[in-house]
Amino acid sequence: MKFSFTLTTLLLHVMAVFSLHATTYYVSESGDNLNPGTMAEPWETIQYAVDAVTPGDTVLLLGGTYFERIQINQSGIVLSNAPGETVIIDGTGTTGGDALIEITDQDSITVAGLNLTNHVTQSAQGILISGACRGISIIGNNISNISFGSGEPMNEDLDNAQPIIAYGDNPDNPITGLLISSNNVHDCNTGYSEGLAVNGNVDGFTIINNTLTNITNIGIDAIGGEGTATANDQARNGLIMDNDVQNCKSPYAAAAGIYVDGGANITIESNLVTGCQWGIE
């Protein structure tokens with residue numbers, strides 16, 4: 001069975017939390033970072049926008065392809081496509097960190113409605129949440145071709161890519177209040193990693209209504225005991241529900257559609273797993 005809320009109502013709820021004294025800014029490929037960031041005179045780059053806004057603000061992206069990697073260094077913001085706009089964040093030719101979108105040590109951030117693709121390199125990541133984060137929502141994004149390589153055989157356990165990863169590496173302050181909902185993750189060559197994972201000190205998470213298809217290893221994974229955090233190294237107190245996991249197959253081992261690998265206190269309910277080497281492990 002499916003939850004009754006829709007992606008639109010969920011986004012409206014999240015954005016309403018930040019609506020008091022908030023400002024909406026716009027970004028366009030044809031904009032200019034010297035502009036005021038209005039819809040009529042938008043900014044040009046996403047990174048400039050997320051650095052310029054203040055808590056409570058929303059950054060809406062107008063349609064187009066943005067060749068950027070983005071670090072969100074400001075709490076309390078929403079980064080989303082503008083209504084009806086198709087936004088692509090393309091990793092081709094970009095430089096910087098491993099992730100196309102990186103969120104570290106921040107609170108109350110929503111990333112929604114974006115297409116992330118074509119990030120092909122060792123340790124490639126689509127969306128990374130790390131450190132001490134609270135209230136992060138990853139909603140309705142389409143993520144593809146986040147890959148350690150393009151068709152290469154795996155030679156060592158360093159061959160990894162992670163389309164969505166919550167990496168709780170702060171031993172004292174967990175990632176908590178994490179929502180990963182209604183994303184479509186597909187056609188990623190993840191090597192020894194997973195399509196969607198919560199790893200280490202992650203305490204309180206919901207993974208719901210996502211679709212994962214054609215991942216070259218495990219689909220969804222809740223991980224503990226890998227040394228991600230020096231203490232409290234265990235994804236825990238989570239819900240994995242109403243996800244559709246298809247064709248997650250590894251060339252080197254039997255991959256499960258949904259895997260709890262050292263996690264604790266996790267409910268797995270009403271998921272559909274098909275075409276994987278194992279179902280739920």
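Which backbone nitrogen lies 2.8 Å from a polar atom of the side chain of Glu-68? It is that of Ile-46. The views below come from a predicted model.

**View 1. Glu-68 sits in a loop between two strands.** The strand before this loop is β3, residues 64-66. The strand after it is β4, residues 70-72. Glu-68 is buried. No salt bridge is found for this residue. Arg-69 carries the nearest side chain of opposite charge, 10 Å away.

**View 2. The side chain of Glu-68 meets backbone nitrogens of Ile-46 and Gln-47.** For Ile-46, the distance to a polar atom of the Glu-68 side chain is 2.8 Å. For Gln-47, the side chain of Glu-68 reaches the backbone nitrogen at 3.1 Å.

**View 3. Surroundings of Glu-68, without its neighbours within four places in sequence.** Thr-45, Ile-46 and Gln-47 are among the residues in contact with Glu-68. Ile-89, Asp-90, Thr-94 and Leu-100 also touch Glu-68.

**View 4. Eight strands form an open, parallel sheet.** Their order is β4-β7-β11-β15-β18-β21-β24-β27. β4 and β27 (278-280) stand at the edges. Each has a single partner strand, so one side of each lacks a neighbour in the sheet. On average, neighbouring strands of this sheet are turned by 20° against each other, direction ignored.

**View 5. Strands β18 and β21 pair within the sheet.** β18 covers residues 196-200, and β21 covers residues 220-223. Their pairing is parallel and runs over four bridges. Val-198 has Ala-222 in β21 as its bridge partner.

Terms used
Residues numbered from 1 in each chain as written. Predicted model: local features only at pLDDT ≥ 70, side-chain atom pairs only at ≥ 80, totals over all residues. Heavy atoms only, no water. Buried < 20%, exposed > 50% of the residue type's maximum accessible area, 1.4 Å probe, protein only. Lys, Arg positive; Asp, Glu negative; His and termini not counted. Salt bridge = Lys/Arg side-chain N within 4 Å of Asp/Glu carboxyl O. Polar contact = N/O pair within 3.5 Å; in protein donor to acceptor, adjacent residues only side chain to side chain. Contact = heavy atoms within 4.5 Å. Pairing = 2+ DSSP bridges. Axes fitted to C-alpha atoms, helices over the stretch in contact; angles between N-to-C directions.
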